[in-house]
Each structure stands twice: as structure tokens, then as C-alpha cells.
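Me: I'd like a close look at a single part of this model, the aromatic rings. Please then walk me on to its surroundings in one connected answer.

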Amino acid sequence: MNDKLVFLGLLYFVQGIPYGLQSSLLPVYLRGAGHSLTRIGFTKVLYFPWVLKVLWAPLVDRIGTKRRWLVATVSGLALTCLASSALAPEMHIWGVAGTLLAMNTLASVQDIAVDGAAVGLLKGRGELGLGNTAQVVGYKAGSVFAGGGLLAVIDVAGWSWMFMLLTFVYAGVALFVWGATVLDEELMRGQQADCSRRAGHGADALMPWRVWRKLLAVPGTAWTVLYVLTYKLGEQGAVTMFPLFLLDHHMTARELGFWNGVIAMGFSICGSSLGGLLLAQFSIGALMRRVFVLRTVSMVFQSTLLTVLEPSPLMKGMAVLSMSVQHFLGGLITTLTFTTMMHCTQRAEESIQATHYSFLATLEVLGKLTFSALAGGVVDWFGFQVAFFFFLTLSAGTALHVWTATFTGALREHQLKEQPK
């Protein structure tokens, strides 16, 4: 089991690096250069390959092996970072945007392959919880490394050296995956031996509506689709806009890089880790019901801080506390969510499991991406106070949606607490 966790955690770590670059480093850089919140929000279009990944997920399911897809995509990320190191963002902003778009494309294909490997490797509730903890923690650790750590040192090391470091990181991981023994386990060999059998589904490839019918027919898919589209809406708006509110009134970019990019994300990783441990002890429905209520309460607290415009040590302390609690609960919710998604995917037939999970993951990204792109415009039009009331309303609605499902909907089957192993 430890080999599986290290393998998955490392791959999700390098997958989180592009997100960290764009979610933490790029917005602060652009805001410091005087760009509007609306324009900053529209940089989320660079995440668009994540929305399209479901279109090529069937290819990853049916062509080649997971090892080859992983080595190819991680090596491509290394080459892209090498190209980025030769560009100066002040002079080649469109070139930088192009390399970030390429990084997202490669990372999205890598995500399909590693998710497919995870669905096959993880068995039982205990492994699902720990495996999804490795997924979320690894991804967020990569985001912290790129968004918080590199933001704190970019003034000293410079853009070129930063991307040279990332080149070596990706190259090392590609070598690790090439020799990883976890992909040689009997389970994975069995899946790869079935490639010839899966090739017999050529009719499905030519008539993709058959695949979509299979995807939507998997039990629990309809509820999970609605859930992943909406569960992060209010939280995502707050997470995106609150640091920029602090940048306008209370903190410098360097302070935000430390408190929001490192400390708060550290709390997020702790929350994600705790989620995996709790899943080994309690039912997922009971956990989700309580955590979503706590998240709504934390957003009420954060919204009240928007009325304090004068900088003060007390306000900074409360802001850091608010971001830390919000990231902690967000990390916990993310682990529970990805476990729910994987549990749903394991009900699908093996030949479409990677596609099914990629379908759910694409919708999860689509929900967050769409609202993140619009959140800046909402703030510019209505102000921080009105916008955060809207975010709070969305969060409360999601809590009600989850609460209902734990009693009468898709999460009801998880309601009874199971005894720890």
C-alpha cells in the first residue's frame, strides 16, 4: 500500500505545479502590475484543457499502457518548462501564456492516466480513503511548491532559474515512473493484458454516444454530476477574491505569498490528510454533512472581515485565521469529494472506468473554473460585500444539497457508521 501511495502522491504533486503557478503566482503578479480583477479572472481560460480532457479520455483507456502515457506526458512537461525558462514574461507574455496552456494540456492527459491507474490499484474503503488523500495532498503540495514557494523566491532566483528547477523535477519523475514497480503488479498487468479485448469496442469509439449512455447509466452518476458542478462554487469565489481584497487593503504580495500561498495551503493539506484518516473510521455521508455546515459558518466569519478596511495587526491575524480555516475545510471536502467520485466510478465496467472518472473530474474542474473566471467580474460590478454574500448563499445551498442526500439521496447508503478495521 505504501508503494501505491508514494507513486500516486508523486504524480499528483507534479500535476499540481501548473495550478500553483497560475492560481497563486500569476494573479499576484498581474494585480501588482495594475490589472483589473475581471482581467485576472479571465486568465482562468488557460485551464481550458482540463475541461476538454474527457474528449480524449477514451484514447487513454484503449491505446497503449498507463506507464507509457505517464512517461510521455511528464517528459513533455519537462520540455515545456525548459522552453519557458528561455522566455521573459515582461517581453513574451503571449509566449508564457502559450507554455502555461501547454502545461495544462499535458497535465490533463497525465491526470487521465494516473486516475485510471488509481481506480485499478485502490481496493476497499480504507485504500480509497488513503489513496484519495495521497491524490489531494500531492496535488496541493505541488501547488504550494509552485505558487507559494516559488512566489517567495522568484525575486531572488529569477524566472529562468525557476523553470529550470521545474525541468529537473519533471525529468526526475519521468525516470521514476518508467521504473516504478507498482505498475507491474498483477492487477495492472491484467488490465494491460485486456487491451486487445478493449480494442473490440471499436464501435463505441466510432459511435461515442454509446459510451455516454454507459457513463450516465452508472448508478449514482446523476447526483454526482450535479454535486461536482456546484460543491465548490461559493468557496471558490471566496478563495479567489479574498486574497486580492487583502492585497488592496492589508497585505503586500510577499506577505500573501507566505500566508496564503504557504501557511493556508499547509492547512489545506492537513485537512485533506485528516479526510483520509476519518474515512477509515466514519461513513462518508456523516462526514460530508457536518463539514459542509462548518464551511458555511467559516464563510460567514470571513464575510464579516470585509467591513474592516483599515490595516491593523488584529485584522491581519483574523484574515490569516479565516484563510487557514477555509483552506482546512476545503481540503477535507476535496478528499471526501474525490473519494465519492472514485466510489461511483468503481461501479462502472472496467473498459470505461478511466473515461467515467475523467468525465466527473472534468465537470468538477468546469464548475470551479467557470465561477473563478466570473468571480472577479462580480466583485468589480457589485463590490466585495455583495459578492461575498452571493458566495455565502451558494455555499449554504450546497450544504443543504449534501444534507438532503445523506438522508434520502445518493449518500444514504454510506450513512451507517462502519466499524474501523
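Reply: Let's start with two rings: Phe-242 is buried, and Phe-388 is buried too. Buried here means under 20% relative accessible area, with exposed over 50% and partly exposed in between, using a 1.4 Å probe and protein chains only. Keep in mind that this is a predicted model: local features need pLDDT of at least 70, and side-chain atom pairs count only at pLDDT 80 or more, while totals for chains, interfaces and linings use all residues. Residues are numbered from 1 along each chain as its sequence is written, and side-chain values use heavy atoms, with hydrogens and water left out.

Now the ring geometry. A pair of aromatic rings is described by the distance of the centres and the angle of the planes. Rings of Phe, Tyr and Trp (its six-membered ring) pair if their centres lie within 6.5 Å; planes under 30 degrees apart count as stacked, over 60 as edge-to-face and the rest as tilted. That rule gives 9 aromatic pairs. For Phe-242 and Phe-388, the centres are 6.3 Å apart and the planes meet at 65 degrees, so this pair is edge-to-face. The two rings join distant parts of the chain, 146 residues apart: Phe-242 belongs to helix 13 (residues 233-249) and Phe-388 to helix 17 (residues 353-408). Helices (H or I, at least four residues) and strands (E, at least two) are DSSP runs, numbered from the N terminus. Phe-242 and Phe-388 also share one aromatic cluster with Phe-245, Phe-384, Phe-390 and Phe-391.

Another ring has a charge for company: Arg-289 lies over the face of Trp-403, 5.2 Å from the ring centre. A charge sits over a ring if NZ of Lys or CZ of Arg is within 6 Å of the ring centre and within 35 degrees of the ring normal.

Next, some polar residues. Thr-224, in helix 12 (residues 221-230), counts as buried because its relative accessibility is 3%. Its side chain reaches the backbone oxygen of Gly-220 at 2.7 Å. Thr-224 also touches Met-341, Cys-344 and Leu-360, leaving out residues up to four places away in sequence; contact means heavy atoms within 4.5 Å. Helix 16 (residues 313-345) has 33 residues and spans 48 Å from its first C-alpha to its last, close to the 48 Å expected at 1.5 Å a residue; that expectation is 1.5 Å times one less than the number of residues. Helix 16 is mostly covered, with 24 of its 33 residues buried.

Gln-110 sits in helix 5 (residues 93-121) and is buried, at a relative accessible area of 0%. Beyond its neighbours within four places in sequence, Gln-110 is in contact with Leu-11, Val-14, Gln-15, Leu-70, Thr-73, Val-74 and Leu-77. Among the buried residues of helix 4 are Leu-70, Thr-73, Val-74 and Leu-77. Helix 4 (residues 66-84) has 19 residues and reaches 27 Å between its first and last C-alpha, close to the 27 Å expected.

Leu-166, in helix 7 (residues 159-178), also counts as buried, at 0% relative accessibility. Its C-alpha is 9.4 Å from that of Ser-85, although the two are 81 residues apart along the chain.

Finally, the whole protein: 17 helices and 0 strands, with 55% of its 421 residues buried. Of the contacts with a separation of 6 or more, 86% involve residues 24 or more positions apart.

Terms used. Polar contact = N/O pair within 3.5 Å; in protein donor to acceptor, adjacent residues only side chain to side chain.
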